[in-house]
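Subject: Structure for you to look at

Hello,

Here is the structure I promised to pass on. Please open it first, then read the notes underneath.

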Amino acid sequence: MTPRRVPRFGRTTRWFHWTFALTFLTLASSGALLLARAELGLSGLWIARLIETHKIAGVVILTAPWLIGLSGDRRAWLADLSETARLGRDDLVWLLRQPLAMLGRAELPAQHKLNAGQKLNALAVAAISGAMIATGIHLWWEPGSFFALVVHVIGFLAWIPAFAVHLFMALINPSTRPALRAMVRG
């Protein structure tokens with residue numbers, strides 16, 4: 001008998017996630033190429049195209065995911081978003097035990113819809129994204145702003161390990177890998 005599947009994420013949450021993720025990846029890759037343009041020997045035309053791609057993706061990340069969230073099943077989407085801000089004692093225990101649990105040496109406490117790692121990742125991405133959006137808008141208005149550029153680059157550098165851990169937990173770690181199926185199929 002095939003086990004019954006219980007829906008975990010609705011269409012609105014999944015579309016929000018993937019629209020945000022793909023746009024963020026576009027911003028990260030175009031920004032990284034712009035950062036390394038001298039080392040890569042990029043021509044002026046390539047640099048102009050990368051800047052345009054980066055700006056378009058910046059507008060998309062400010063609008064598309066939010067339009068998807070607000071035009072779909074708002075109640076479920078907002079419930080999923082608000083779940084990330086609810087951290088309790090079991091979440092702290094989960095975070096402390098997770099390294100040992102990956103080695104098979106500890107039991108993790110039961111979690112609700114999102115585990116503590118997913119919540120922490122969502123909060124980190126939200127904070128990094130906020131800083132990146134604020135400094136990105138400032139750089140759009142004042143392209144030569146050194147302080148905004150430094151904060152923007154630091155945000156990008158902070159994003160890399162957060163993204164790497166997210167990929168590891170979604171694709172490799174056996175205990176959290178099933179969540180990917182829920183983000184793809186519901």
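The notes below go from the whole chain down to single residues.

**Overall picture**

Please keep in mind that this is a predicted model. The protein has 8 helices and 0 strands. Read from the N terminus, the order of elements is α-α-α-α-α-α-α-α. The C-alpha trace spans about 60 × 40 × 30 Å along its principal axes.

There are 186 residues, and 30% of them count as buried. The protein exposes about 12200 Å². Carbon and sulfur atoms supply 69% of that area.

I also looked at contacts between residues at least 6 apart in sequence. Of these, 66% join residues at least 24 apart.

On charge, the protein carries 19 positive and 9 negative charges. Their mean positions lie 9 Å apart.

**The nonpolar core**

Which residues make up the largest nonpolar core? It has 11 members: Phe20, Phe24, Leu27, Ala28, Ala57, Ile61, Val125, Ile128, Met132, Phe156 and Trp159. Four helices each supply at least two of these residues: helix 1 (11-35), helix 3, helix 6 (116-141) and helix 7 (146-171). Helix 1 gives the largest share, with 4 residues.

Trp159 is a good place to zoom in. Setting aside residues up to four places away in sequence, Trp159 touches Phe24, Leu25, Ala28 and Ile128. Among these partners, Phe24, Ala28 and Ile128 are listed in the core as well.

**Helix 7**

Helix 7 has 26 residues. From first C-alpha to last, helix 7 reaches 37 Å. That is close to the 38 Å expected at 1.5 Å a residue.

Its buried residues are Ala148, His152, Gly155, Phe156, Trp159, Ala162, Met169 and Ala170. Several of the gaps in that list are three or four places, and a general point helps here. An α-helix has 3.6 residues a turn, so residues three or four places apart point the same way.

What do the buried residues of helix 7 pack against? The partners are helix 1, helix 3, helix 5 (89-102), helix 6 and helix 8 (178-185).

**Helix 5: Asp91 and Leu95**

Two residues of helix 5 are worth a look. Asp91 lies in this helix, and so does Leu95.

Is Asp91 buried or exposed? Asp91 is buried, because its relative accessible area is 7%, under the 20% cut-off. Beyond its neighbours within four places in sequence, Asp91 is in contact with Arg86, Gln111, Ala116 and Lys119. Asp91 and Asn115 are 24 residues apart along the chain, and their C-alpha atoms are separated by 7.1 Å.

Leu95 has 31% relative accessibility, so it counts as partly exposed. Leu95 touches Ala116, Gly117 and Leu120, again not counting residues up to four places away. Ala116 therefore appears in the contact lists of both Asp91 and Leu95, where contact means heavy atoms within 4.5 Å. Leu95 and Leu35 are 60 residues apart in sequence and 34 Å apart in space, C-alpha to C-alpha.

**Helix 3: Val60**

Val60 lies in helix 3 (residues 44-71). Val60 counts as partly exposed, because its relative accessibility is 30%. Which residues does Val60 contact, leaving aside its neighbours within four places in sequence? They are Thr23 and Pro65. Val60 and Pro174 are 114 residues apart in sequence. Their C-alpha atoms are 33 Å apart in space.

**Helix 6: Ala134**

Ala134 is found in helix 6. Its relative accessibility is 47%, so Ala134 counts as partly exposed. Ala134 and Arg105 are 29 residues apart along the chain. The C-alpha atoms of this pair are separated by 42 Å.

**Where to start**

If time is short, begin with the core and its 4 residues from helix 1. Then follow the buried residues of helix 7 to the helices they pack against. Finish with Asp91, the buried residue in helix 5.

Best wishes

Definitions and conventions:
Residues numbered from 1 in each chain as written. Predicted model: local features only at pLDDT ≥ 70, side-chain atom pairs only at ≥ 80, totals over all residues. Heavy atoms only, no water. Buried < 20%, exposed > 50% of the residue type's maximum accessible area, 1.4 Å probe, protein only. Areas by Shrake-Rupley, 256 points an atom, 1.4 Å probe, with all protein chains shown as cover. Lys, Arg positive; Asp, Glu negative; His and termini not counted. Charge placed at Lys NZ, Arg CZ, Asp CG, Glu CD. Core = buried A, V, L, I, M, F, W, Y, C linked by side-chain atoms within 4.5 Å. Expected span 1.5 Å × (residues − 1).
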